Amino acid sequence: EALETMDIDPILHELVDEPADGILSTARDIDADAILVGIRERTPIGKVVLGSVSQQVIHRSDRPVLIAR
């Protein structure tokens with residue numbers, strides 16, 4: 001609902017691939033304007049280091065990536 005109030009139309013997909021590969025290929029397939037990935041901070045070090053999937057998406061994406069906690 002919050003995204004809709006900002007005039008953002010999210011598209012949700014269920015992936016059966018490796019997470020980062022699936023996210024990136026889906027973003028290309030649908031010509032996404034941006035990618036939104038969530039992170040969980042399980043440990044104190046998690047507050048400093050992003051998860052491996054988030055890091056892969058950020059470093060390999062050819063479009064903007066937003067990180068949400």
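# Salt bridges and helix packing

Me: Asp 62 forms a salt bridge in this model; which residue is the partner, and how far apart are the closest N and O atoms?
Reply: Keep in mind that the model is predicted. Asp 62 is exposed, with a relative accessible area of 58%. Its salt-bridge partner is Arg 63, and the closest N and O atoms are 3.0 Å apart.

Me: Is Arg 63 buried or exposed?
Reply: The cut-off for buried is under 20% relative accessible area. Arg 63 has 15%, so by that cut-off Arg 63 counts as buried.

Me: Asp 31 also meets a side chain in a salt bridge; which one?
Reply: Asp 31 sits in the loop between α2 and β1, and its partner is in the loop between α3 and β2, so the pair ties together parts that are 32 residues apart in sequence. Asp 31 is exposed, at 58% relative accessible area. The N to O distance is 3.9 Å, and the partner is Arg 63.

Me: Which residues are linked in a network of salt bridges?
Reply: Start with Asp 62, which pairs with Arg 63. Asp 31 forms a salt bridge with Arg 63 too. Put together, the network links Asp 31, Asp 62 and Arg 63.

Me: What phi does Asp 31 take?
Reply: Asp 31 comes just after α2. Its phi is positive, at about 55°.

Me: How many salt bridges does a search of the whole structure find?
Reply: Two of them involve Arg 63: one with Asp 62 and one with Asp 31. Arg 60 and Asp 21 form another. The search of the whole structure gives a total of three.

Me: How far apart are the closest N and O atoms of Arg 60 and Asp 21?
Reply: As a general point, side chains of opposite charge can pair when their charged atoms come close. Here Arg 60 is partly exposed, with a relative accessible area of 45%, and Asp 21 is partly exposed at 30%. In their salt bridge, the closest N and O atoms are 2.7 Å apart.

Me: Which helices does the Arg 60 and Asp 21 pair tie together?
Reply: The two residues are 39 apart in sequence. Arg 60 lies in one helix and Asp 21 in another, so the pair ties together α3 and α2.

Me: At what angle do α2 and α3 pack?
Reply: Helix α2 covers residues 19–29 and helix α3 covers residues 52–60. Their crossing is right-handed. The axes are 9 Å apart, and the angle is about 40°.

Me: Which residues in α3 meet α2?
Reply: The α2 side brings Pro 19, Ala 20, Asp 21, Ile 23 and Leu 24. The residues of this contact divide into six nonpolar, one polar and two charged. On the α3 side are Val 53, Gln 56, Val 57 and Arg 60.

Me: How far apart in space are Asp 21 and Val 57, C-alpha to C-alpha?
Reply: Both residues belong to the α2 and α3 contact. In sequence they are 36 residues apart. In space, C-alpha to C-alpha, they are 8.1 Å apart.

Me: What do the buried residues of α2 pack against?
Reply: In α2, the buried residues are Ala 20, Gly 22, Leu 24, Thr 26 and Ala 27. These pack against β1 and α3.

Me: Beyond its neighbours within four places in sequence, which residues is Thr 26 in contact with?
Reply: Thr 26 lies in helix α2 and counts as buried, at 15% relative accessibility. Leaving those sequence neighbours aside, the contacts are His 13 and Leu 15.

Me: Which residues make up the largest nonpolar core?
Reply: In soluble globular proteins, nonpolar side chains tend to be buried together. The core in this model has six residues, and α2 gives the most, with three. Its members are Ala 20, Leu 24, Ala 27, Ala 32, Ile 35 and Val 57.

Me: In what order do the elements of the protein chain run from the N terminus on?
Reply: The chain has three helices and two strands. Of its 69 residues, 20% count as buried. From the N terminus on, the order is α-α-β-α-β.

Definitions and conventions
Residues are numbered from 1 along each chain as its sequence is written. This is a predicted model: local features need pLDDT of at least 70, side-chain atom pairs count only at pLDDT 80 or more; totals for chains, interfaces and linings use all residues. Side-chain values use heavy atoms; hydrogens and water are left out. Axes are lines fitted to C-alpha atoms, for helices over the stretch in contact, and angles run from 0 to 180 degrees between N-to-C directions. Helices (H or I, at least four residues) and strands (E, at least two) are DSSP runs, numbered from the N terminus. A crossing is left-handed if the near helix is turned anticlockwise from the far one by less than a right angle, and right-handed if clockwise. Contact means heavy atoms within 4.5 Å. Ala, Val, Leu, Ile, Met, Phe, Trp, Tyr, Cys and Pro count as nonpolar, Asp, Glu, Lys and Arg as charged, and the others, Gly among them, as polar. A salt bridge is a side-chain nitrogen of Lys or Arg within 4 Å of a carboxyl oxygen of Asp or Glu. Buried means under 20% relative accessible area, exposed over 50%, partly exposed in between (1.4 Å probe, protein chains only). A nonpolar core is a set of buried Ala, Val, Leu, Ile, Met, Phe, Trp, Tyr and Cys residues joined through side-chain atoms within 4.5 Å.
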